[in-house]
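Please open the model in a viewer and keep the sequence panel visible. The tour below proposes a series of selections and states what is found at each.

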Amino acid sequence: MSDNKEPKLIYGQGAEACPEGNFCLYRASNFNAGQTPGRGDKILAIPMGAYVNDFSEYGFDHSGDGVSAVVNNTVEDNALFSAADQQGHSLPVERGTSIADLRAIPMAGSPNGSWNDQAQSALASRFVGNLRVDQELRGSWAEGSGHLYSYRLTMHAEQTRVMKWAVGFGGLPEGSSLSKTFIDTFWGEILRDGTDGAVLLGSPEGGGHSVDPGTALPIDIQVVYPGQSPAYERLTGLNAQQLG
């Protein structure tokens, strides 16, 4: 890679510290806010089209020095991975978006229950693994004292059947939850219901509802928010995990 395609360790605070055309990983949540300048506010800036096989080479690992926030300041959909060499679970980060706190994004099987400090490699270009999930806003309307947003999540398997899976998202504002209608009718496992800011759904404990190549698996999900906002039109940190 040429010099301008080499990942670089820089320092700074705020999402605006991520240079244009880079996929940036922050050591601390809220984009390093309040960290010691030049020490605690490190950022790994990965130019578009580049990749990093192991963040530990830059001092980011699975300890408190791991990745806690991310900014995608590129025109490509990018991805984080929970293991080196673009292996393990993947967390898509869409072009032009950011996640201020990876503690808010759930991961099944994570030691802390979230993506915080778990990312170990990245691909600064669009990634399509065996299992991926798309989202589509279907509508929104007033519901009680809040506002209900309806989404269709569609899971796809590229090569092999996925029998055991989890799908989750996070960063929900306080006072949010899955709708009672969805909770009462969902055929899988509800591992987190949104009341703690995160939703995590799992495949049915007894089997069934696998994701097969060529046959997408849709989930129509409803989230009740305390109010209305354009920010609620897309779910934050939506990712699917192949568990077996």
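**Stop 1: Leu-25 and its two neighbours**

Begin by selecting Leu-25 together with Val-70: Leu-25 stands opposite Val-70, a residue of S5. The model is a predicted one. Add Leu-44 to the selection, since Leu-25 also stands opposite this residue, which belongs to S3.

Now extend the selection to the strands themselves. Strand S2 covers residues 22-26, and strand S5 covers residues 69-73. S2 and S5 pair in the antiparallel sense over five bridges. Strand S3, residues 42-47, is likewise antiparallel to S2, and five bridges link the two.

Is S2 mostly covered or mostly exposed? Colour S2 by relative accessible area: five of its five residues are buried, and the strand is mostly covered. In a regular strand, side chains alternate between the two faces of the sheet. For S2, Asn-22, Cys-24 and Tyr-26 lie on one side, with Phe-23 and Leu-25 on the other, and both faces are covered.

**Stop 2: the whole chain**

Zoom out and select the protein chain. The chain contains two helices and 17 strands. Its radius of gyration is 18 Å, close to the 18 Å that the globule rule gives for 244 residues, so the chain is as compact as a globular protein of that length. Aligned on the principal axes, the C-alpha atoms fill a box of roughly 50 × 40 × 30 Å.

Switch to a surface representation. The protein chain exposes about 11000 Å², and carbon and sulfur atoms supply 46% of that area. Of the 244 residues, 50% count as buried.

A contact map adds a further view. Among contacts between residues at least 6 apart in sequence, 69% join residues at least 24 apart. For the charges, select the 16 positive and 28 negative ones as two groups: their mean positions are 2 Å apart.

**Stop 3: the sheet S4-S9-S6-S7**

Next, select strands S4, S9, S6 and S7. These four form an open sheet in that order, with antiparallel pairing. Which strands lie at its edges? Strand S4 (51-52) and strand S7 (87-93) are the edge strands, each pairing on one side only.

Within this sheet, focus on strand S6, residues 78-83, and strand S9, residues 121-123. The two run antiparallel and are joined by three bridges. To locate one of the pairs, select Phe-81 and its bridge partner in S9, Ser-121.

**Stop 4: the loop between S6 and S7**

Proceed to the loop between S6 and S7, where Asp-85 is found. Gln-86 is found in that loop as well. Most residues other than glycine have a negative phi. Asp-85, although not a glycine, has a positive phi of about 60°. Gln-86 is also not a glycine, yet its phi is positive at about 55°.

Are these residues buried or exposed? Asp-85 has a relative accessible area of 45% and is therefore partly exposed. Gln-86, with a relative accessible area of 19%, is buried, because the cut-off for buried is under 20%.

**Stop 5: the sheet S10-S11-S16-S13**

Clear the selection and choose S10, S11, S16 and S13. In this order they form an open sheet of four strands with antiparallel pairing. The edges are strand S10 (131-143) and strand S13 (177-178), each of which pairs on one side only.

Strand S11 (residues 146-157) and strand S16 (residues 217-225) pair in the antiparallel sense over nine bridges. One point of this pairing is Thr-154, whose bridge partner in S16 is Pro-218.

Centre the view on Pro-218, which counts as partly exposed at 39% relative accessibility. Which residues does Pro-218 touch, not counting those up to four places away in sequence? Its contacts are Arg-152, Leu-153, Thr-154 and Trp-187. Add Asp-134 as well: this residue is 84 residues from Pro-218 along the chain, and their C-alpha atoms are separated by 9.4 Å.

**Stop 6: the hairpin of S14 and S15**

Finish with strand S14, residues 189-193, and strand S15, residues 199-202. They run antiparallel, with four bridges joining them. Select Arg-192 and its bridge partner in S15, Leu-200. The hairpin has five residues between the strands, and in it Gly-194 takes a positive phi near 95°.

Notes. Residues are numbered from 1 along each chain as its sequence is written. This is a predicted model: local features need pLDDT of at least 70, side-chain atom pairs count only at pLDDT 80 or more; totals for chains, interfaces and linings use all residues. Side-chain values use heavy atoms; hydrogens and water are left out. The radius of gyration is taken over C-alpha atoms; the globule rule is 2.2 Å times the number of residues to the power 0.38. Buried means under 20% relative accessible area, exposed over 50%, partly exposed in between (1.4 Å probe, protein chains only). Contact means heavy atoms within 4.5 Å. Accessible areas come from the Shrake-Rupley method with a 1.4 Å probe; for residues, only the protein chains shown count as cover. Lys and Arg count as positive and Asp and Glu as negative; His and the chain ends are not counted. The place of a charge is taken as NZ of Lys, CZ of Arg, CG of Asp or CD of Glu. Two strands pair if DSSP finds at least two bridges between them.
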